[in-house]
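Please follow this walk through a protein chain, keeping the sequence and the 3D view side by side as you read.

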Amino acid sequence: MIDQERVREMTKLAAYEQREGKKYRQVIRYYRSDFAARHLLRAFLCGTVVYGIFLLMWGVCHLEELMEQLDSMDLIAFGTAVLVRYLFFLAAYLIAVDVYANVFYAAGKKSMKRHYRRLKHLGKLYDEQENRTAPMRH
């Protein structure tokens, strides 16, 4: 006979693994600090590339002005201004990524704990059925 409660639990577990399980699978592989550090390293590299692309696009759009002012421009002040803006951009971006990674990790841990509780409950259901169907020995 089919145990309806066990079927319900297995259906919920399968649905979880198809949706949220894939999303949070990486959370259980790492400690919080390693998870955040991995995201911060990737964000540093991506943020640097994105800032370089924006700087290049700005340079292309203002190329005529830059060429006219090149001999009268203070290149050290210009380079310092670009560097300071890069550092502010990178600091803000890395803070946002760190907050996101920690919130995602906490939500993933909570979700995985709920999933493991359901797995334990399913195991208990199997044990209960096994105890009911096993013949009694004296």
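Phe35 and Phe104 are both buried in this model, which is a predicted one. Their two rings form an aromatic pair of the stacked kind, with 6.0 Å from centre to centre and 5 degrees between the planes. When you look for these two residues along the chain, you will find Phe35 in helix H3, which covers residues 32–61, and Phe104 in helix H5, which covers residues 75–133, so that the pair links parts of the chain that are distant, 69 residues apart. Phe35 and Phe104 also belong to one aromatic cluster, in which they are joined by Tyr100 and Tyr105.

A second stacked pair is made by Phe89 and Tyr93, whose ring centres lie 6.0 Å apart and whose planes are at 0 degrees to each other. Here both residues sit in helix H5, with their positions 4 residues apart in the numbering, which is about one turn of the helix. Are these two rings buried or exposed? Phe89 has a relative accessibility of 29% and therefore counts as partly exposed, and Tyr93, at 33%, is likewise counted as partly exposed, because the term covers values between 20% and 50%. In total, the model contains 7 aromatic pairs.

Next, turn to the surface, where Val49, Val50, Ile53, Phe54 and Met57 form a nonpolar patch that has about 460 Å² of accessible area in all. One of its members, Met57, lies in helix H3, and its relative accessible area of 46% is the reason why Met57 is described as partly exposed.

His115 gives a view of another kind of setting, and it is found in helix H5. Because its relative accessibility is 7%, His115 counts as buried, the limit for that term being under 20%. Which residues does His115 touch, if those up to four places away in sequence are not counted? The contacts of His115 are with Leu13, Tyr16 and Glu17.

Finally, consider the cysteines, and how many disulfides there are. A disulfide is a covalent bond that joins the sulfur atoms of two cysteines. In this model the count of disulfides is 0, where a pair would need its sulfur atoms within 2.5 Å. As for their surroundings, Cys46 is partly exposed because its relative accessibility is 39%, whereas Cys61, with a relative accessible area of 64%, is exposed.

How values were computed:
Residues numbered from 1 in each chain as written. Predicted model: local features only at pLDDT ≥ 70, side-chain atom pairs only at ≥ 80, totals over all residues. Heavy atoms only, no water. Buried < 20%, exposed > 50% of the residue type's maximum accessible area, 1.4 Å probe, protein only. Phe/Tyr/Trp six-rings, centres within 6.5 Å; stacked < 30°, edge-to-face > 60°. Patch = residues over 30% accessible without salt bridge, like charges linked within 9 Å, V, L, I, M, F, W, Y side chains within 5 Å. Areas by Shrake-Rupley, 256 points an atom, 1.4 Å probe, with all protein chains shown as cover. Salt bridge = Lys/Arg side-chain N within 4 Å of Asp/Glu carboxyl O. Contact = heavy atoms within 4.5 Å.
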